[in-house]
Amino acid sequence: MTTTDQNASTDQETSTDQETSTTEVKLPPGPPIPRAIQGALAVANRRIALQILRRRYGSAFSLHLPIFGRMIVLSDPDDIRQLFRTGPDVADTTDANLGRVMGPNSLFALTGDRHRAQRKLMTPPFHGRRLAAFEAIVEREAVDEFATWPQDRTFATMPSMMRITLNVILRAVFGAEGQELERLREMLPPAIQLGSKLALIPVPQWDWGRWSPWGRFHQYRRDYDAIVDRLIDKAQADPDLDARDDVLSLMLQSRYEDGAPMTRAEIADELLTLLAAGHETTATTLAWAVERLQRHPQLLDRLNADLDNGSEELLHATILEIQRTRPVVDNTFRQVKAPTLQIGPWTFPQGQTIVASIGLLHADEAVFPDARRFDPDRFISRPPDPAEWIPYGGGVRRCIGAAFATMEIRVVLRTLLRDYVIRPASTRDERCQSRGVAIAPARGARVRIQPRRGSAAITAR
Ligand code: HEM
């Protein structure tokens, strides 16, 4: 069983083994400093602040932040496994604003039975034979984007990775082409950027007009809904609908257990959710791949030799290690829904926000010896334990696009290494910088490349 399969199987687990009790609340220790100072430290550098607290207080600690209140950070693999295994009636997503931005039918907004039912319909398009059908789209987008890259100077690759992953989602997920593709390509990046900022602040009680941030967002949303309506009309009129692989077509043909189809509003909200969740995260991971690879020339040589021999084993291990050392989503959140939740020696009260710290777990020396070292060999012939390697979170909320993202990263990197030589970099590692959704290389993953001799890239020029 692959890592993905093992993780996916936790989707089936319920809360039956999760004990809730009315015992006294018992929280892990935390810094005895005012919440304003804790907040300032977290804003200044969240990753470093968490690492310092981990060293001081151990794998579980409490934080007090302005606006967000008290949060419990967990980083021990057993504690996080236990958290992910709880059913949604015990601990589920936080009441984040993200759902209000994506729409009421978004997976981010749904809980309980509705979340489970919708996830069940949305999972098949992202697995097995379907994924293989998307590989050609990914390779085409990568080849076209790489052809625009300069060869005589260093440049930032992050914008290119954003374009590749946007186009892939619009084609493979939305099934968009022609005018609709152009329009979505134009409007969605600024709309998502605005939406992810708005998700952090409460919805205003009164209407500030069409030029206010919410007013502008609603205008984007009206335009978006009109385009998705056209895509649905076109798909429904297509005599070959059942032969199509795009996720929109599959959603249109899917049925809930009672035989009802997904509504247009549900499809529109979920497409937006998939784009918002899958576009920047995948692009940022690809940017980190470029940043890491050029600083490991021996690995690059081995990767090229391996790929030339038709093996992707080292590439697969390298992707695992990139996601371990540079997880682009470094924390995932749950809120206690049951009267109490017991994890390890701690008892958390209802309403408590709990953070599963992906970043801290992946940097734990006891879990990954020599954790700071970038060493893909640690995963050769040894797939990671799904409780320890968690860039896609876990349990009933685990990333639905994990297999899709892994395929996309693999195909883009394979195409890059096949057609180009990445020049080794002598500059310092790029710092981590929060972009809102994802943690990205601060300088945009700068690189210098040249076409590989005999590659398609040279022939095309
Ligand atoms: C490298 C790329 C990606 C990373 C690192 C990533 C990471 C994550 C994480 C950490 C979560 C939260 C899991 C939890 O709370 O336990 C998540 C949720 C989600 N992701 Fe991804 N993701 C990636 C790509 C994608 C792609 C390509 C798609 C779809 C096309 C996608 C769709 C989603 C959705 C819909 C959810 C919400 C699931 C739910 O609430 O049921 N992600 N992702």
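The following exercises, with worked solutions, concern the cysteines, the ligand shell and one helical threonine of a predicted model.

In this predicted model, local features need pLDDT of at least 70 and side-chain atom pairs count only at pLDDT 80 or more, while totals for chains, interfaces and linings use all residues. Residues are numbered from 1 along each chain as its sequence is written, and side-chain values use heavy atoms, with hydrogens and water left out.

**Exercise 1.** Determine how many disulfides the whole structure has.

*Solution.* Step 1: the criterion for a disulfide is a pair of cysteine sulfur atoms within 2.5 Å. Step 2: a search of the whole structure under this criterion returns zero disulfides. Step 3: for Cys432, the closest cysteine sulfur belongs to Cys399 and is 20 Å away, so the pair is too far apart for a bond. Step 4: Cys432 has a relative accessibility of 24% and therefore counts as partly exposed (buried is under 20% relative accessible area, exposed over 50%, partly exposed in between, with a 1.4 Å probe and protein chains only).

**Exercise 2.** Identify the protein donor of the iron atom of the ligand and locate its residue.

*Solution.* Step 1: donors are N, O and S atoms within 2.8 Å of the metal (3.2 Å for Na, K and Ca); water is not among the atoms, so sites may look incomplete. Step 2: the only protein donor of the iron is the SG atom of Cys399, at 2.3 Å. Step 3: Cys399 sits in the loop between helix 15 (358-362) and helix 16 (402-419), where helices are DSSP runs of H or I with at least four residues and strands are runs of E with at least two, numbered from the N terminus. Step 4: Cys399 is partly exposed, at 33% relative accessibility.

**Exercise 3.** Describe the polar contacts and the shell around the ligand.

*Solution.* Step 1: a polar contact is a pair of N or O atoms within 3.5 Å. Step 2: oxygen atoms of the ligand lie 2.7 Å from a polar side-chain atom of His115, 2.8 Å from one of Arg334 and 3.1 Å from one of Arg397. Step 3: helix 6 (112-122), helix 12 (264-293), strand 5 (331-336) and helix 16 each give two or more residues to the shell. Step 4: helix 12 supplies the largest share, six residues.

**Exercise 4.** State whether Thr282 is buried or exposed, and find its side-chain partner.

*Solution.* Step 1: Thr282 belongs to helix 12. Step 2: its relative accessible area is 5%, so Thr282 is buried. Step 3: a polar side-chain atom of Thr282 is 2.7 Å from the backbone oxygen of Gly278.

Conventions
A polar contact is a pair of N or O atoms within 3.5 Å; within protein, one must be able to donate a hydrogen and the other to accept it, and residues adjacent in sequence count only if both atoms are side-chain atoms.
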